[in-house]
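Work through the exercises below with the structure in view. Try each task before reading its solution.

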Amino acid sequence: MPTGKLAKWQILLIEFDIIYVTQTAMKAQALADHLADNPVDEEYEPLKTYFPDKEVMHIDEVDKDEKPGWKLFFDGAANMKCVGIGAVLISETGHHYTVTAQLHFYCTNSMVEYEACILGLRLVVDMGVQEVLVLGDSDMLVHQIQGEWETRDLKLITYRQCLQGLCQQFRSVEFRHIPRIHNEVANVLATLASMLHHPNKAYIDPLHIQVRDQHAYYNMMEEELDGEPWFHDSREYIRMAIYPIQATCDQKRPIRCLASGFFFSGGVLYKRTPDLGLLRCIDARQATTIMT
């Protein structure tokens with residue numbers, strides 16, 4: 001119960017029919033304020049909501065100034081284990097040259113980005129490339145090396161001077177900022193370098209990325225060595241509830257589990273599917289005949 005002044009105010013306000021209403025959402029208030037500040041007059045034109053390209057699902061920006069040439073991507077990564085830097089140099093023909101390093105000294109995030117950029121440019125110098133486009137997701141580094149931003153941090157002044165010295169060894173070098181989503185390869189290299197416990201003892205062969213257009217289990221069975229089809233054990237268990245002679249107790253249980261997914265009818269074994277369909281089981285000879 002209220003006491004003192006609150007009790008007096010309550011007694012005085014009893015005779016009035018006062019209803020408490022909570023404050024409405026701010027977005028509704030903003031809309032009301034906008035309508036109050038912009039009344040409808042003779043110059044009002046309704047908004048046209050017609051959108052002719054409703055079927056367009058994605059709009060992307062195309063860089064018309066993109067020129068073929070050597071490109072250098074760089075990035076740094078820091079975690080609880082260590083700090084790693086990585087760079088990837090892409091030639092005009094699409095060949096990738098990668099370089100990574102692990103930093104064993106204290107450095108800030110800005111210093112890491114400079115270390116990665118310098119590491120990549122030294123790779124470009126060793127490759128003998130004279131024209132290169134440097135791409136990174138560090139907005140600060142790109143603006144500082146282009147002279148648009150002033151470098152006030154004493155720890156970065158030396159890095160900027162070193163980077164400018166490397167740039168003088170090229171006929172043409174251009175720095176450009178890109179979103180982080182377009183810098184995945186360099187980020188992966190830096191992350192990998194930061195997670196290796198003993199990088200001086202670890203060597204990773206160059207990665208060869210294969211393109212697979214079929215599942216891994218396709219064409220896995222080239223021949224049936226014992227002369228029996230691959231579904232022989234499941235079929236015999238369904239027909240006569242017998243196991244292979246050499247089967248142990250641990251091997252009999254998987255046979256029972258696999259057999260529950262098959263259906264035997266008219267001398268033909270079928271595999272049940274989740275949608276209650278039946279797939280006919282065939283051996284290697286029948287499969288070769290069907291494929292050819």
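**Exercise 1. Describe the surroundings of His96.**

Solution. Step 1: beyond its neighbours within four places in sequence, His96 is in contact with Val88, Leu89 and Ile90, where contact means heavy atoms within 4.5 Å. Step 2: His96 belongs to strand S3; helices (H or I, at least four residues) and strands (E, at least two) are DSSP runs, numbered from the N terminus. Step 3: the C-alpha atoms of His96 and Leu72 are 9.7 Å apart, with the two positions 24 residues apart along the chain counted as their separation. Step 4: His96 is partly exposed, because its relative accessible area is 44% and the class lies between buried (under 20%) and exposed (over 50%), with a 1.4 Å probe and protein chains only.

Before going on, note the basis of these values. This is a predicted model, in which local features need pLDDT of at least 70 and side-chain atom pairs count only at pLDDT 80 or more, while totals for chains, interfaces and linings use all residues. Residues are numbered from 1 along each chain as its sequence is written, and side-chain values use heavy atoms, with hydrogens and water left out.

**Exercise 2. Work out the order of the sheet and find its edges.**

Solution. Step 1: the open sheet has 5 strands in the order S3-S2-S1-S4-S5, with mixed pairing; two strands pair if DSSP finds at least two bridges between them. Step 2: S3 (96-103) and S5 (172-177) each have a single partner strand, so one side of each is left without a neighbour in the sheet.

**Exercise 3. Follow the pairings of S1, then move on to S5.**

Solution. Step 1: S1 and S2 are antiparallel over 8 bridges, and Lys71 has Ile90 in S2 as its bridge partner. Step 2: 4 residues lie between S1 and S2 in their hairpin. Step 3: S1 runs parallel to S4, joined by 5 bridges, and Trp70 stands opposite Val132 in S4. Step 4: S4 (residues 131-136) pairs with S5 in the parallel sense over 6 bridges, with Val132 opposite Val173 in S5. Step 5: as for cover, 7 of the 9 residues of S1 are buried.

**Exercise 4. Is Phe16 buried, partly exposed or exposed?**

Solution. Step 1: locate Phe16 in the loop between helix H1 (5-13) and helix H2 (26-37). Step 2: Phe16 counts as partly exposed, because its relative accessibility is 49%.
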